[in-house]
Every structure is written in C-alpha cells, then in structure tokens.
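Morning, everyone. I have one structure to walk you through today. Please have a look at it while I talk.

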Amino acid sequence: MSCYYKEKRMLYGGDYNPEQWPKEVWEEDMRLMAQAHINIVTVNVFSWAALQPDEDTYDFTKLDAIMELVRANGMKVCLATSTGAHPAWMARKHPDILRTEKNGMKRKFGGRHNSCPNSPTYRKYAPKLAEKLAERYRDFDNIVAWHISNEFGGECYCENCEKAFRKWLKNKYGSIEEVNRSFDTAFWGHTFYDWEDIVLPNFLSEHFIDGATGQERTMFQGISLDYMRFISDSMLECFQLEYDAIKKFTPDLPITTNLMAAYKGLDYQKWARSMDFVSWDNYPAPSDSPAMTAFRHDLMRGLDGQKPFVLMEQTPSVTNWQPYNRLKRPGEMRLLSWQAVAHGADAIQFFQIRRSIGACEKYHGAVIDHAGRADTRVFREVAQLGEEIKNIGGLFLDGKTPARAAILFDWDNWWAVEYSAGPSVRMKYLDTVQDFYQAAFALNVPIDIISTQDALDAYRVVIAPLLYMVKRGYEQKLQDYVKKGGTFVTSYFSGIVDEYDLVDEGGYPGRLRELLGIWVEENDALPQGEQNAFSYCGRRHPADILCDLMHLEGAEALGMYEEDFYAGMPALTVHSYGEGKAYYIGTHSDEEFYQTFLDRLFLQTGVQSVQQTPFGVEAAVRENANGAYLCLLNHTTEKKTVVLEGDYEDLLEGCSCNCHDEIVLEKKGVRLLRRVHK
C-alpha cells in the first residue's frame with residue numbers, strides 16, 4: 001500500500017483553481033474531469049488573499065462550496081494551505097514579511113516567493129491559517145493529503161534574517177572563537193569579536209560578480225556555505241510550523257510540499273526527513289535528455305529511503321516560462337508520465353486543470369484549454385492516459401527499484417564545490433553527477449541516489465562524483481564498505497575539505513588517501529578548448545576541465561596522461577582495499593569513457609542491466625508484492641524493436657510476450673510488462 005494515500009489505486013489529477021472562475025464553469029469542469037478519468041484535485045494553492053482579507057477575518061465561503069462540489073463528484077482532494085503568496089494588506093501593514101535581495105534592495109508587494117522565512121508576521125499568520133483549514137475540513141473523508149505552501153525557494157537578506165543567522169551560528173558553534181576557527185577568519189583579518197560583527201554574506205559584504213566570467217563568487221566560503229544551510233533550515237522551520245498546526249486536527253493525514261528536483265537552494269535530503277511523503281514538479285526543458293529527467297525522479301525517490309513519490313505537477317502540453325515554449329509532441333506527455341511511474345511515482349498530477357485567462361501563466365498548458373472543449377489533442381491524450389491508469393489500478397503502488405548500484409548526492413558538496421575559489425569555474429557538481437548517471441542510464445542499470453546518511457551494504461557499487469567535501473566519519477563508512485567487498489568510485493578534486501570547507505592537511509585526497517591508495521600533488525585546470533588525453537581499454541579519451549597530478553601509494557594505474565609535463569602520471573587508478581576495490585578518476589572525460597568504464601565495472605561486480613534495448617529506448621523496473629514490472633519507453637521519434645529477455649504479460653495490450661520475442665514500440669511508445677515465471 002502506498003505511503004501517500006490509503007486507497008489501492010493510482011491517483012490522477014492536478015492543480016484546480018476554480019476560485020478564478022464563476023460557479024457556472026465549475027459543473028462543466030466536473031463533467032470534463034470525469035471524462036478524463038481524473039480522480040483527485042489539488043485545491044486552495046493560492047487563495048490566502050481570498051481566505052483572509054484582514055488580520056481578524058477569515059472567509060471560507062467559496063472554499064466550502066468548492067470542497068462540497070468536489071466531494072459530491074466523488075473526487076479526492078489534496079488540500080493546500082495557500083501560504084505560498086501572502087495578501088497585499090499583510091505587506092502594507094507588516095513590511096517585515098517582505099524579502100530583501102542579495103544586493104540589499106527591499107522588495108515591495110508582488111511576485112510569489114516574497115515572504116521572508118524569518119518574518120515574525122509570516123511565522124504567525126501562515127501556521128494560523130493552516131490550523132484553521134485543518135480544523136474546518138478535518139471531517140472531509142475525501143481529503144487524502146495536505147500540501148503546504150508551494151515550491152519553497154529563494155533567499156532573504158533582511159535584518160530579521162541577519163539576527164536569526166547569528167542565533168543559528170551560536171547554536172551550531174557555541175562560541176565566537178569556534179566560528180572564527182571554522183571560517184578561518186585569521187585570513188584577511190576577518191576575525192569576529194562579537195556576534196554582532198557577523199553580517200550576512202551578500203553583495204554588501206562577501207559576494208561579488210567575477211568580471212571575467214560574470215559568475216557570482218564569495219571571498220569567504222565558510223560563511224557563505226553556512227548561510228545556504230541556514231536559509232534552507234529557516235524555510236524548513238516554516239514548513240514545520242504549518243505541519244504541526246495541521247497535525248493537531250488531522251494527525252492521520254500525510255503532509256507534503258512540492259519540491260523541484262535538483263534545486264540548489266534547499267537541502268531536500270534534510271527536508272524529506274520532515275515530510276510524510278515526497279512530491280515534486282517535473283518541467284523538463286525541451287533540450288533535457290531522458291536521462292536527466294530520469295535522474296531527477298531517482299533523486300526524489302532517494303530522498304526518503306527509496307520510497308515512492310508523487311508527481312505533483314507536470315504540464316500536459318506546454319510551459320510558459322522558458323525562453324522557447326515548445327509543445328509536447330503527440331505521445332510525449334504519456335511517455336513522460338509513465339517514465340515517472342517507472343522510476344517511483346505513485347500518483348500523476350498536472351498543473352493545471354483549467355487554463356487561466358490572465359497574468360503570467362495564462363499560456364501555460366492545461367487539461368482544459370481556453371477553448372473549453374473535450375476534443376482537443378491535449379485533452380484526448382490526458383483522457384487516454386487516465387483510462388490506462390484506471391485500468392492499471394494499484395498494480396504499481398509501493399513499487400521499489402531493485403538497484404545494486406548507487407550514486408551519492410550531497411547538497412553540502414554542491415554548495416561548497418561551486419563556492420570554491422578555484423581551481424576552475426568549469427567544475428560543476430551536478431554536471432559531474434550526470435556524467436556517471438547518464439552512463440548507467442544508457443546501460444539500463446537501475447540506480448539509487450543516496451545521501452551520506454544512507455547505508456551502503458545493499459550496493460555492489462557506490463559512486464561519489466566530485467566528493468570535494470568529506471564529512472567527519474564518512475571516510476570510515478566508505479572504508480568499512482570497501483573492506484567488506486564493496487566497490488567505490490570517486491572522481492577528480494575529491495577528499496579536499498571537511499564539512500567546514502577547511503582543507504584537510506597532509507595532501508589530497510585527505511581522509512580518502514588510505515582508501516584510494518594515491519596522493520594528489522597538484523590540480524591542472526584546463527581552459528575551455530584545451531585537453532590532455534589518456535587511454536583506457538584500448539581507446540584514447542580526452543582529459544579536460546581538471547587534471548589531478550597524482551602519485552601511487554598502493555593503487556594501480558589503469559590509464560596515464562599522454563601530454564604536457566605530467567605525461568606518464570596516472571589519470572585513472574584502482575586500489576584493492578580489504579575484500580573490495582576503490583577507483584579514482586583523476587580527470588573529466590567524455591561520454592564514451594564513462595559508459596565504457598561503468599560497463600566493465602558493472603560486469604566485474606555482477607550489477608546487471610534490466611534489459612538490452614536499442615539506442616533511445618529506456619528500460620526500467622519496479623517491484624512490489626504484485627510482481628516485477630518492466631517499463632519500456634521509446635524516447636525517439638522512430639519505431640524501435642526490443643528482443644525480450646524474459647516472459648511477460650503486456651498490461652496495456654492484454655497479451656503474453658515470451659522470452660526472445662520481438663516487440664515493437666511506436667515513436668514515443670510505451671510498453672508495460674509484468675514478469676511471468678514459468
């Protein structure tokens with residue numbers, strides 16, 4: 001049974017904003033939603049202004065009518081708290097709620113992400129509204145979940161945040177002396193004498209725009225890194241205030257907020273520990289690869305111990321906020337929806353049900369277009385998918401991904417790497433993670449995305465790309481894993497600093513040196529267009545972005561640099577450690593290298609592909625008490641043929657498929673197969 005709701009079927013629906021429309025439209029919407037097999041709506045996402053016209057008045061008249069109508073039409077509700085956009089009167093009477101930008105500019109009312117997370121006003125009225133909503137609607141038996149605020153994000157640099165930051169630092173470090181040590185404030189005479197000396201790291205203090213690259217930089221990484229942690233914690237506290245208020249009246253209903261996948265600003269691994277289930281919004285750009293979208297699903301699934309998640313939002317047709325808002329081609333929405341299910345989604349939802357007529361999202365796609373008809377291409381596709389989901393029922397619910405390989409992802413590392421003053425502005429954490437994930441995706445090898453807190457024993461291979469920051473004790477966890485027979489892989493510029501962004505002395509890769517059996521002396525940062533090279537498995541591969549100049553201390557070289565003064569030095573190494581092995585890839589290379597490297601590594605460690613497929617066809621597996629399900633997804637615009645490696649029942653076609661059968665996938669086609677054991 002799903003962790004999201006107590007029904008034994010997959011829910012299908014989306015954001016519904018009837019408050020934007022006259023009541024005569026509502027009944028027509030109910031009819032059209034039923035025709036599309038929609039069975040859940042998320043309501044009340046942006047209604048704070050309507051619900052609370054002043055400090056003391058709450059008006060639930062319209063929301064009451066909406067809730068009654070939805071219940072009468074047999075649909076479930078994900079009830080939002082509306083706190084993603086505060087009312088105008090609140091900004092006018094209590095300006096402390098307004099954010100201050102990084103350059104010191106105080107915002108006025110407007111926009112959406114404009115509430116200071118450390119505003120006393122916001123922290124008073126947001127949980128109060130959530131509590132009133134929970135008290136009022138606690139007896140509605142069709143509410144399956146609560147949705148707090150909307151897409152938390154952004155930063156604030158106001159006086160309230162500065163005071164709260166000092167308090168946060170005091171709780172973390174205990175003394176001003178420990179702050180000075182952790183930030184290494186002896187450098188450039190930055191020593192703090194009093195807590196009041198600490199100011200926010202922004203463009204008024206430590207941050208600046210690099211004239212050569214146009215990128216934002218910081219002169220003191222420690223304080224900037226801690227501010228990212230602090231602002232993430234501040235918003236999480238706001239979420240928790242509403243969470244606690246709701247639980248007073250509906251303790252058994254699960255609570256979430258919609259995340260944004262690889263969103264840099266918030267530590268979602270920490271957030272997930274406070275959420276009852278993970279949900280997120282999937283809006284891939286037209287240029288995004290299928291692997292990139294799959295990675296985001298796997299990242300979200302990994303936040304909460306590899307449990308299923310909810311796809312809270314996706315567009316049925318087109319976004320409106322990208323530079324070029326290309327239509328989803330016929331079949332693409334269906335394909336992306338089943339890809340989400342294949343990677344862990346237990347519910348599929350859209351933004352939005354009916355297309356708005358004004359403001360910044362009036363051209364964003366919807367189930368019901370401005371034409372208001374059921375015979376549009378998009379509506380027909382939504383209805384087709386709805387019928388398929390209805391027929392599938394609960395077969396996929398609570399399915400797990402049988403991964404034997406994992407990739408470590410860590411927000412602290414992300415922040416620290418890209419705040420680093422050197423060695424290269426081309427060094428990007430997310431891109432480095434994608435190098436490895438893309439290679440595994442191309443091989444149809446299931447991958448779990450894990451955090452530093454997750455256990456490693458279940459995996460035969462653990463990959464930690466660009467592990468720049470090694471938190472205290474994590475090196476021991478890795479050593480224990482490899483000693484017992486695990487295989488560990490990491491990349492260039494790893495093992496450099498601790499969790500305070502202070503360099504571990506004694507030579508790189510710091511506390512990973514014993515495990516990896518190498519010593520890195522220097523790092524050569526290559527500008528755009530420059531390359532070195534190394535050979536691996538008989539093929540020559542580029543070495544670019546960064547080249548670690550390393551010496552062997554027990555490891556074996558698998559590839560050597562071929563150019564420049566460090567020609568002949570190791571570029572790729574392996575070290576036998578206990579019963580396992582640890583690999584170090586000392587440079588960045590091309591897609592062919594990563595795929596060749598992982599293909600050989602998976603073969604050696606017994607990590608298997610779920611199904612061989614032609615280029616452009618993804619194969620993914622979910623398993624639960626009902627069985628094992630193979631999802632074949634054709635991301636190309638051509639027909640593709642797959643030769644099956646097992647016996648299956650085709651859930652959509654209603655037929656049997658035997659081992660070695662050839663099955664055809666139409667362009668953007670999907671096949672959902674249940675394994676049959678003979």
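Let me start with a question: which residues does Arg355 touch, not counting residues up to four places away in sequence? The list is Trp21, Val318, Lys362, Tyr363, His364, Gly365, Ala366, Ile368, Asp369 and His370. Keep in mind that this is a predicted model.

Where does Arg355 sit? Look at the loop between strand S11, residues 345-350, and helix H12, residues 377-392. Arg355 is in that loop. Is Arg355 buried or exposed? Its relative accessibility is 12%. Buried means under 20%, so Arg355 counts as buried. One of its neighbours deserves a second look. His364 is on the contact list. The backbone oxygen of His364 is 2.9 Å from a polar atom in the Arg355 side chain.

Now step back to the whole chain.

How many helices and strands does the chain have? There are 17 helices and 29 strands. The radius of gyration is 26 Å, and the globule rule gives 26 Å for 678 residues, so the chain is as compact as a globular protein of that length. Along the principal axes, the C-alpha trace spans about 75 × 75 × 40 Å. How much of the chain is buried? Buried residues are 59% of the 678. And the contacts? Take those between residues at least 6 apart in sequence. Of these, 71% join residues at least 24 apart.

Next, the pockets.

The largest pocket has a volume of about 1100 Å³. Its lining has 50 residues. Closest to the centre are Pro290, Ala291, Phe441, Gly616 and His635. Which elements give two or more residues to this lining? They are H10, helix H11 (332-342), H14, helix H17 (591-605) and S23. H17 provides the largest share, five residues. By class, the lining splits into 21 nonpolar, 19 polar and 10 charged residues.

The second largest pocket holds about 620 Å³ of space. Here 22 residues form the lining. Nearest the centre of this pocket are Phe46, Ala85, Arg112, Cys360 and Glu361. By class, the count is nine nonpolar, 10 polar and three charged.

On to the cavities.

How many cavities of 30 Å³ or more does a search of the whole structure find? It finds four. The largest has a volume of about 150 Å³. Three elements give two or more residues to the lining of this largest cavity: helix H10 (290-302), helix H14 (429-442) and strand S23 (617-624). You have heard those names already, since H10, H14 and S23 also each give two or more residues to the lining of the largest pocket. For the largest cavity, S23 gives the most, with four residues. The full lining is 16 residues. His343, Val445, Pro446, Ala619 and Ala620 lie nearest the centre. By class, that lining is 10 nonpolar, three polar and three charged.

The second largest cavity holds about 120 Å³. This one is lined by 16 residues. Arg99, Ser115, Tyr122, Ser149 and Phe152 are nearest its centre. What is the class split here? Five are nonpolar, eight are polar and three are charged.

Two more residues, then I am done.

First, Ala145. Find strand S4, residues 143-147; Ala145 is in it. At 0% relative accessibility, Ala145 counts as buried. Now pick out Phe165. How far apart in space are Ala145 and Phe165? In sequence they are 20 residues apart. In space they are 33 Å apart, C-alpha to C-alpha.

Second, Asn532. This residue is in strand S17, residues 532-536. Asn532 has 4% relative accessibility, so it counts as buried. What does the side chain of Asn532 reach? It reaches the backbone oxygen of Glu563, at 3.0 Å. Glu563 is also on the contact list for Asn532, which leaves out residues up to four places away in sequence. The others on that list are Leu526, His541, Pro542, Ala543, Cys547, Tyr561, Glu562, Asp564 and Tyr566.

To close, put two residues side by side. The side chain of Arg355 has a polar atom 2.9 Å from the backbone oxygen of His364. The side chain of Asn532 reaches the backbone oxygen of Glu563 at 3.0 Å. Find both pairs in the structure. Thank you.

Note on methods:
Residues are numbered from 1 along each chain as its sequence is written. This is a predicted model: local features need pLDDT of at least 70, side-chain atom pairs count only at pLDDT 80 or more; totals for chains, interfaces and linings use all residues. Side-chain values use heavy atoms; hydrogens and water are left out. Buried means under 20% relative accessible area, exposed over 50%, partly exposed in between (1.4 Å probe, protein chains only). A polar contact is a pair of N or O atoms within 3.5 Å; within protein, one must be able to donate a hydrogen and the other to accept it, and residues adjacent in sequence count only if both atoms are side-chain atoms. Contact means heavy atoms within 4.5 Å. On a 1 Å grid over the protein atoms alone, a cavity is a set of points where a 1.4 Å probe fits but cannot get out, and a pocket is an open set with protein on both sides within 12 Å along at least five of seven lines; lining residues have an atom within 4 Å of a point. Grid points are joined across faces, edges and corners, and a volume is the space filled by probe spheres set on the points. Ala, Val, Leu, Ile, Met, Phe, Trp, Tyr, Cys and Pro count as nonpolar, Asp, Glu, Lys and Arg as charged, and the others, Gly among them, as polar. The radius of gyration is taken over C-alpha atoms; the globule rule is 2.2 Å times the number of residues to the power 0.38.
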